[in-house]
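Q: Could you walk me through one part of this model, slowly? I'd like to look closely at the open sheet and then see what lies around it.

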Amino acid sequence: MAKKKTKSFKKKKVKLLEIRKGDIVEIIHGNDRGKHGKVLKVYPRSQRLIVEGIRFIKRHTKPTQQDQKGGIQEREAPVHISDVMLICPNCGAKTRIGHHFLEDGTKVRVCMVCNEMIDNR
Ligand SMILES: [Zn+2]
């Protein structure tokens with residue numbers, strides 16, 4: 001009988017998202033497919049981000065003391081990172097993100113389409 005390998009429990013590392021706040025992304029899945037928006041917030045732990053104007057959810061709020069009326073509030077809902085692609089600020093194409101090291105060792109993100117740096121730092 002083959003021995004089953006015991007799973008090694010590695011410490012979970014929060015992977016930094018390739019897409020950062022301020023980037024322009026295109027939605028590639030779902031109802032908002034094809035829309036562009038600016039990333040407003042990233043959640044590295046859940047691998048999700050909030051994109052301006054994308055995927056509004058309606059929240060029915062009950063009247064409270066602060067908000068006498070209540071009613072329906074529209075807010076952006078987090079989108080999973082796999083549902084978006086970065087729009088390159090240089091060539092305007094949807095792109096995957098590559099990495100490049102500068103002479104001083106700084107890691108920068110590069111566009112896989114035009115090979116230009118995405119970060120202008
Ligand atoms: Zn590009």
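A: Let's begin with the chain as a whole, then go through the sheet strand by strand, and finish with what lies elsewhere.

Before we start, this is a predicted model, so local features need pLDDT of at least 70, side-chain atom pairs count only at pLDDT 80 or more, and totals for chains, interfaces and linings use all residues. Residues are numbered from 1 along each chain as its sequence is written.

The chain has ten strands and zero helices. Both words come from DSSP runs, numbered from the N terminus: a helix is H or I over at least four residues, and a strand is E over at least two. Of the chain's 121 residues, 15% are buried. Here "buried" means that 20 or more other C-beta atoms lie within 10 Å of a residue's own, "exposed" means 12 or fewer, and "partly exposed" is in between, with C-beta atoms placed from the backbone.

How confident is the predictor? The mean pLDDT of the chain is 85, and 84% of its residues reach 70 or more. That score is the predictor's confidence in each residue, from 0 to 100. Confidence is highest in strand β1 (residues 24–27), at a mean of 96, and lowest in strand β4 (residues 56–61), at 72. Where pLDDT is low, the predicted coordinates should not be read in detail.

Now for the sheet. Six strands make up an open sheet in the order β6-β3-β2-β1-β7-β8, with antiparallel pairing. At its edges stand β6 (79–80) and β8 (94–95), each with a single partner strand, so one side of each has no neighbour in the sheet. Two strands count as paired if DSSP finds at least two bridges between them. Strands of a sheet pair through backbone hydrogen bonds, either parallel or antiparallel.

Let's start from β1. Three bridges join β1 to β2, and the two run antiparallel; I24 stands opposite K38 in β2. β1 also pairs with β7, again antiparallel and over three bridges, and there V25 stands opposite L86. Moving along to β2 and β3, you find antiparallel pairing over four bridges, with L49 in β3 as the bridge partner of V42.

The loop between β2 (36–43) and β3 (48–51) holds Q47. Q47 isn't a glycine, yet its phi is positive, about 60°. Most residues other than glycine have a negative phi. Q47 is partly exposed, because 15 other C-beta atoms lie within 10 Å.

What about the greasy part? The largest nonpolar core has 13 residues, and those with the most contacts inside it are I19, V25, V39, L49, V51, V79 and V84. The elements giving two or more residues to this core are β2, β3 and β7 (84–87). A nonpolar core is a set of buried Ala, Val, Leu, Ile, Met, Phe, Trp, Tyr and Cys residues joined through C-beta atoms within 7 Å.

Zoom in on V51. Leaving out residues up to four places away in sequence, V51 touches V25, G37, K38, V39, L40, E76, V79 and V84. Two residues are in contact if their C-beta atoms, placed from the backbone, lie within 7 Å.

Compare that with I27, which sits in strand β1. I27 is partly exposed, with 19 other C-beta atoms within 10 Å. Its contacts, apart from neighbours within four places in sequence, include I54, V79, D83 and V84. I27 and V51 are 24 residues apart in sequence, and their C-alpha atoms are 9.1 Å apart.

Finally, the strands we haven't visited. β4 and β5 pair in the antiparallel sense over six bridges, and T61 stands opposite G71 in β5. Strand β5 (residues 71–76) has six residues and zero of them are buried, so it lies largely in the open.

Strand β9 (residues 97–101) and β10 are antiparallel too, paired over five bridges, with C111 in β10 as the bridge partner of I97. The two form a hairpin with five residues between them, and G105 in the turn has a positive phi of about 90°.

After β10 (107–111) comes the segment that holds N115. N115 has a positive phi near 65° without being a glycine, and N115 is exposed, with 12 other C-beta atoms within 10 Å.
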